[in-house]
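Thank you all for coming; I would like to take a few minutes to walk through one model, going from its core outwards to the sheets and the helix that surround it. Please keep the structure open in front of you while I talk.

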Amino acid sequence: MDATLRDTGLDRRSRAYRDAVSIIGEEGVRQTFAPIDEPSGLPNAAYWSHEWLALENSRIFARSWVFAASDGDLDGEGAMKPLEIGGTPIVLVRGADGIVRAFHNVCRHRGTQLVAEPCRHKAITCPYHAWSYRLDGLLSARHHFHGAGEIERFSGEGSGLDLLPVRCESWNGCHFVNVSGGARKLSEWLRPMLKRTGAFDFSVIRWIGRRDYTIASNWKLVLENYMEGYHVFAAHPRLIAHAPMNVRWSGEWLGHVFYNDYVARELTPGRGTALPHFPGLSDEDARRGMWFACFPTFAVQVFADQFVVLASYPVAPDETREELHFFVAGEAAAHEDRFAAARDELLAMWHDLNLEDVELLERLQKGRKSVAFEGSIMSPVWEGPAHQLSQQVLRAIVEE
Ligand code: FES
Ligand SMILES: [Fe+2]
C-alpha cells in the first residue's frame, strides 16, 4: 500500500470504504488526501454520481444532525413542514403542547406521503384513505376500514400504527433532526461552535424571515464556497468594502466544525449599524464577523446584530436546495416597527450577496463534468478548510 492511502487512517476493509472506492477508485481516495499544493479533493464523480449521493445520504445525512426548521417555519399549533433528509421524507409538526416533533412522513396504511407542503392543521390526515393522526403522531381514527360508514377510533397509544418518530432536538428556535437516531447529543455536536462564539448570547435570537434558493450545483461546492474567502476578491467587492482582505484569514476546522472570523474596522449598513446588538458585546466583538459550519450542513453567519442560517439540502448530485433563515438579537429587533426598514435591508443584503455566488456555483458544477479537470489547485493561504472538506466527507462516509 502506498503511504498516502495508509496515512488516511480509513478502514480499508469496511463495506463503506469499498462502496466509496467502487465509485471514485483508490486513485480518488489518494487525490482526496493529496496535500494542498498538489491537485487534490474528491474527484468529479463525487460531484456528479447518483450512487455517490446515495452514499452521502445514507452515511452522512441520515446519521448526522441536520437543521430542519426554524421557529418561523412552525408558527403555532399544528404547523407542519415536510422535507427530505438523507433521502428520507420527514415532517416536523408543532403539537398542541407547543413541542416540535419529527416523524417519518409516510402513512402507516399504504405508505403515502402524508404532508406535501408546509401547512397548518388540527390533525395529520392522509389524503388517500383518510387515516387520521394526532399532532403527536398517534393514530386517532380509521374511516370505513372495517366497512362503509364505520369509524374506528383510537385513544392513546396501542394501535401499533402510530407515526414513526424521528429524533428531533431544538436549540434557540432552530429544530434539528437525526434520522438514524444514533448521533451524539445535539448539545455536544454544537459545543465546538459555542465554545468559540462564547461572547454572543444566542438565547436572544428571534426569527424574522427566510429566503429559499435552488442552485444547480453539488452541495459540497456550495459549502466549499461558503468556507473559502478567496473568491471574495473577484465575486464580492461590497464585502471587501466592509472588511478588507488583509483582516481576514482562512479559518480552521475544530473537529467537525469549521470556524472563521474577522474584525472589521467599523460597522457598515446591513451589518451592525441599524439593529440592536447581542447584549454585552465588547467594541471588538461588535465589529466581529463570524461564520461556521457544523458538518455536514448547518452553516451560520453571525454579526453584532444578526444570526443567519444557511441550510443546504442535496436534491440531486447537481442540485442543492438552500434555505436562508434570518434571526436578529432580541424581541424589539424582531417585532418593533421602528426596525422594520432595517430588517428589510438585512434580507435584501443577503439576497444580493447570495445571488453573487449562485451563478458561479452553477458554472463550477458544469466545469466539474470536464474530463480535463482532475483535482483542485487550492490556495494554501485561503482554501485550507475547503481543501479539507473532501476529507471530512470521505471520513464521515467510512467511519463507523
Ligand atoms: S395510504 Fe394513508 S390512508 Fe391509505
Ligand atoms: Fe460567496
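By a nonpolar core I mean a set of buried Ala, Val, Leu, Ile, Met, Phe, Trp, Tyr and Cys residues joined through C-beta atoms within 7 Å, where a residue is buried if 20 or more other C-beta atoms lie within 10 Å of its own. I should also say at once that this is a predicted model, and that everything I describe is to be taken in that light.

With that definition, the largest nonpolar core has 98 residues, and those with the most contacts inside it are A68, I90, L92, V177, F292, A293 and C294. Because domain 1, residues 66–170, and domain 2, residues 185–369, both give residues to this core, it lies between them. As a general background, nonpolar side chains tend to be buried together in soluble globular proteins.

Let me stay with the two domains for a moment. Their C-alpha centres, that of domain 1 and that of domain 2, lie 32 Å apart, and where the domains meet, seven residues of domain 1 are in contact with nine residues of domain 2. On the side of domain 1 that touches domain 2, the element that gives the most is β1, with three residues, and the residues of that side divide into three nonpolar, two polar and two charged.

Now, F292, A293 and C294, which I listed among the core residues with the most contacts, bring us to strand β15, residues 288–294. Why can we call β15 largely enclosed by the rest of the structure? Seven of its seven residues are buried, and therefore the strand is largely enclosed. If we take its two faces in turn, R288, M290, F292 and C294 are buried on one side, and G289, W291 and A293 are buried on the other, so to speak a strand with both faces covered. This follows the general pattern that side chains in a regular strand alternate between the two faces of the sheet.

β15 also has partners along its edges. Strand β14, residues 257–263, is joined to β15 by seven bridges and runs antiparallel to it, with F258 standing opposite A293. Strand β16, residues 298–303, is joined to β15 by five bridges, again antiparallel; here C294 stands opposite F298, and β15 and β16 form a hairpin with three residues between them. Leaving aside residues up to four places away in sequence, A293 touches L223, Y226, M227, F258, F298 and A299, and F258 is the residue that stands opposite A293 in the pairing of β14 with β15.

Which elements help to cover the buried residues of helix α5? They include β10, residues 165–171, together with β14 and β15. The helix itself spans residues 186–196, and its buried residues are W189, L190 and M193. These cover an arc of only 75° around the axis, which puts them on the same side of α5, whereas S187, E188 and K195, on the other side of α5, are exposed.

Turning to the sheets, β10 and β1 both belong to an open sheet of seven strands in the order β1-β11-β10-β4-β3-β2-β5, with antiparallel pairing. Its edge strands are β1, residues 66–70, and β5, residues 119–120, each of which pairs on one side only. At the β5 end, β2, residues 79–85, and β5 pair in the antiparallel sense over two bridges, and the bridge partner of A79 in β5 is R120.

A second open sheet is formed by four strands in the order β6-β7-β8-β9, also with antiparallel pairing, and its edge strands are β6, residues 124–125, and β9, residues 151–153. Within it, β7, residues 132–133, and β8, residues 139–143, pair over two bridges, and Y133 stands opposite L139.

Last, I would point you to strand β18, residues 319–329, which is mostly covered, as eight of its 11 residues are buried. β12, residues 205–215, pairs with β18 in the antiparallel sense over 10 bridges, R210 having H325 as its bridge partner. β17, residues 306–316, is likewise joined to β18 by 10 bridges and runs antiparallel; Q306 stands opposite V328, and β17 and β18 form a hairpin with two residues between them.

How values were computed: Residues numbered from 1 in each chain as written. Chains lettered and ligands numbered in written order. Predicted model: local features only at pLDDT ≥ 70, side-chain atom pairs only at ≥ 80, totals over all residues. Pairing = 2+ DSSP bridges. Domains from an automatic or database assignment. Contact = placed C-beta atoms within 7 Å. Nonpolar A, V, L, I, M, F, W, Y, C, P; charged D, E, K, R; others polar. Buried ≥ 20, exposed ≤ 12 C-beta atoms within 10 Å, placed from the backbone. Arc of directions from axis to C-beta.
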